[in-house]
Amino acid sequence: MSAPFEERSGVVPCGTPWGQWYQTLEEVFIEVQVPPGTRAQDIQCGLQSRHVALSVGGREILKANFFDSTIADEGTPQDRKMVRIVLTKTKRDAANCWTSLLESEYAADPWVQDQMQRKLTLERFQKENPGFDFSGAEISGNYTKGGPDFSNLEK
């Protein structure tokens with residue numbers, strides 16, 4: 001089990017007009033499709049812990065506050081077809097499942113939100129039980145807000 005959980009189990013993307021975003025327990029990924037041949041100097045990306053401003057070729061793509069606070073990591077062009085922004089969540093647990101990328105835009109529809117919460121809960125179980133592989137597991141029942149809290153149980 002050397003590959004990260006999301007690589008073994010897949011991600012639950014939320015599609016947008018400009019690309020997609022998805023999350024893990026610890027990070028949020030924003031993938032913006034850009035015209036082929038876009039150069040790094042055509043991209044302006046300003047990241048702060050609660051705010052993003054991204055424009056490509058002078059066209060504003062994103063400019064708003066994030067759903068929750070982050071540690072702004074990086075924004076990098078990839079293959080001249082996509083810009084990927086990686087954000088580290090300040091609250092890194094399954095109960096902190098973002099329902100939208102920005103405060104007022106790009107909310108996940110209810111089905112996608114449900115799938116994201118399931119995935120984060122399974123990722124939490126994987127982190128708590130490293131000897132097991134939860135990447136192909138299914139979950140039902142109480143998984144909202146990160147699933148049941150077993151921390152008070154005696155070991």
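Two strands count as paired if DSSP finds at least two bridges between them. Keep that in mind as we walk through this structure, which is a predicted model. In strand β8, the residue standing opposite isoleucine 30 is isoleucine 85. That match belongs to a bigger pairing: β3 and β8 (residues 82-89) run antiparallel and are joined by seven bridges.

Let's step back for the overall layout. The protein has eight strands and two helices, and from the N terminus the order is α-β-β-β-β-β-β-β-β-α. There are 155 residues, and 42% of them count as buried. About 8700 Å² is exposed, with carbon and sulfur atoms supplying 49% of that area. If you take contacts between residues at least 6 apart in sequence, 56% of them join residues at least 24 apart.

Now back to β3, which covers residues 27-33 and is mostly covered itself, with five of its seven residues buried. Besides β8, strand β3 pairs with β2 (residues 19-23), again in the antiparallel sense, over five bridges. The two make a hairpin with three residues between them. For a landmark in this pairing, look at glycine 19, whose bridge partner in β3 is valine 32.

Next, find serine 69, in the loop between β6 (59-65) and β7 (70-78). Its side chain makes a polar contact of 2.6 Å with the side chain of threonine 90. Leaving aside residues up to four places away in sequence, serine 69 touches Ser49, Arg50, Lys89, Thr90 and Trp98.

What about charged pairs? The count comes to eight salt bridges. One of them links aspartate 42 to arginine 39, with the closest N and O atoms 3.4 Å apart. Both partners are partly exposed: aspartate 42 has a relative accessible area of 22%, and arginine 39 is at 40%.

Helix α2 (residues 110-128) is worth a look too. Aspartate 114 and arginine 118 form a salt bridge there, with the closest N and O atoms 2.9 Å apart. They sit four residues apart in the helix, so about one helical turn separates them. Aspartate 114, at 24% relative accessible area, is partly exposed, and so is arginine 118, at 23%.

Further along, arginine 124 and glutamate 128 meet in a salt bridge of 2.8 Å, N to O. These two also lie in α2, four residues apart, about one turn of the helix. Arginine 124 counts as buried because its relative accessibility is 13%, under the 20% cut-off. Glutamate 128, by contrast, is partly exposed at 44%. Elsewhere, salt bridges with shared partners tie Arg50, Asp68, Lys91 and Glu103 into one network.

Methods: Residues are numbered from 1 along each chain as its sequence is written. This is a predicted model: local features need pLDDT of at least 70, side-chain atom pairs count only at pLDDT 80 or more; totals for chains, interfaces and linings use all residues. Side-chain values use heavy atoms; hydrogens and water are left out. Buried means under 20% relative accessible area, exposed over 50%, partly exposed in between (1.4 Å probe, protein chains only). Contact means heavy atoms within 4.5 Å. Accessible areas come from the Shrake-Rupley method with a 1.4 Å probe; for residues, only the protein chains shown count as cover. A polar contact is a pair of N or O atoms within 3.5 Å; within protein, one must be able to donate a hydrogen and the other to accept it, and residues adjacent in sequence count only if both atoms are side-chain atoms. A salt bridge is a side-chain nitrogen of Lys or Arg within 4 Å of a carboxyl oxygen of Asp or Glu.
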